[in-house]
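Biologist: Let's go through this model together. I'll ask, you reason.

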Amino acid sequence: QEYLADGVTEALIATLSRFRWFSVSGRGSSQVYKLAPKDNRTAAAELGVRYLVEGTVRKSGPRLRISVQLVDPPAGACLWADQYEFADADLFDVQDAIVQQVAGAIEPALLRNVAAAAGRRRGGLTAWSLVAQGTWLFHHVTRPTHQKARELFRQATRIDAELTEARLWVGRVNAGLVAYGWSDDPLRDLQDGRAAALEAVQMDEQNPYAHYALAIVANYGDDFALALRSADKAIELNPSFALGHLVRGMALLFGGDAARAAAALELGLKLNRYDPQNFAWYTFASLAFLFAGEPERAAERAIAALKVRPAWRSALRAAAAAGAALGHVDECADWQRQWSAAPPSADALAPLWRHQPAWAARMEQCTWPA
């Protein structure tokens, strides 16, 4: 299956190159290792890269299996690995599906590893190192770490006025502080976040993260039209960008289109199953399925959210509502008891309840049509 492996390799390099915060070695440079294999540490050193993506293609009759892993050769570590199976499909469709899924998973895995490494270092404070440290803190998803991350992102903007990433992260963290109820002044933080995200877009309109930052701030500022436009632009720039699909689903859900929201959220979650904030995305997907009339899938997504964060109140509430919609009275009562005992927290769904009062009333009463 050499021709298929070569096609996947070339398409994957092209897709990964769309992410603008890291560079990718070209196919011509890496092709030599297919013909003359070397150990990963040597290959990485010769290519001048930090990370390697490697994989295999196996075929048995109509079935095709692709195995892929992302490795950190200097550390001797595998950062991520997965495999994909297909049966009786057009090879170009298979290639497209593999590339989208692999690129969507590799990029956040890289980002987490780079950010974690920066979080452990306390060396020179360059603007980029501050952004990386802030990113590591941001993904802990607590009030203190979000607040500390914002300090680092703001400091990075002062050190390097041209660093797009510093501004887009100011937008993202301000939206997060408002979403989770950790902001002391939501209106000011949304204004600050929106201004920073707009600056990021103007500085680098080809950066999908900048458009995502504007979309997430716009969602919590109740501007769903802007959120959709920004999400669509992020996806246009990189179809494998999971956060673009997720924030698009959020905008559709808040705007009242549950069925389309569920589809977008499912695609985003498929592309990135390991986002630290997936407890929120799974909850959004649960509610989208619930209001679209698919309570079984709503219950599945609520439970997926609770596997990530067991005491997340909005996921417990979604699970109770899904149980009520399914007619599982005892199960619904059990989820409600757990919801009542869980620590108080914002549910990150305030715009939904403001703009969809009928859905809010059904959740409050936990009543669903048969």
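**Charged pairs and core**

Modeller: Start with arginine 194, in a model that is predicted. Its relative accessibility is 33%. Buried needs under 20%, and exposed needs over 50%. So arginine 194 counts as partly exposed.

Biologist: Which residue forms a salt bridge with arginine 194?

Modeller: The closest N and O atoms of the pair are 3.6 Å apart. A salt bridge needs them within 4 Å. The partner of arginine 194 is aspartate 223.

Biologist: How many residues apart in sequence are the parts that this pair ties together?

Modeller: Arginine 194 lies in helix H8. Aspartate 223 lies in the loop between helix H9 and helix H10. So the pair ties together parts that are 29 residues apart.

Biologist: Aspartate 222 and arginine 354 also meet in a salt bridge, at 2.7 Å, N to O. How many residues apart are they?

Modeller: Aspartate 222 is in the loop between H9 and H10. Arginine 354 is in helix H17. The pair links distant parts of the chain, and the separation is 132 residues.

Biologist: Is arginine 337 buried or exposed?

Modeller: Arginine 337 lies in helix H16 and pairs there with aspartate 334. The relative accessibility of arginine 337 is 55%. Exposed means over 50%, so arginine 337 counts as exposed.

Biologist: Now the largest nonpolar core. Which helix gives the most to this core?

Modeller: The core has 117 residues, and Tyr220, Trp281 and Phe291 touch the most other members. One helix, spanning residues 278-291, gives 11 residues. That top contributor is helix H13.

Notes. Residues are numbered from 1 along each chain as its sequence is written. This is a predicted model: local features need pLDDT of at least 70, side-chain atom pairs count only at pLDDT 80 or more; totals for chains, interfaces and linings use all residues. Side-chain values use heavy atoms; hydrogens and water are left out. A nonpolar core is a set of buried Ala, Val, Leu, Ile, Met, Phe, Trp, Tyr and Cys residues joined through side-chain atoms within 4.5 Å. Buried means under 20% relative accessible area, exposed over 50%, partly exposed in between (1.4 Å probe, protein chains only). Helices (H or I, at least four residues) and strands (E, at least two) are DSSP runs, numbered from the N terminus. A salt bridge is a side-chain nitrogen of Lys or Arg within 4 Å of a carboxyl oxygen of Asp or Glu.
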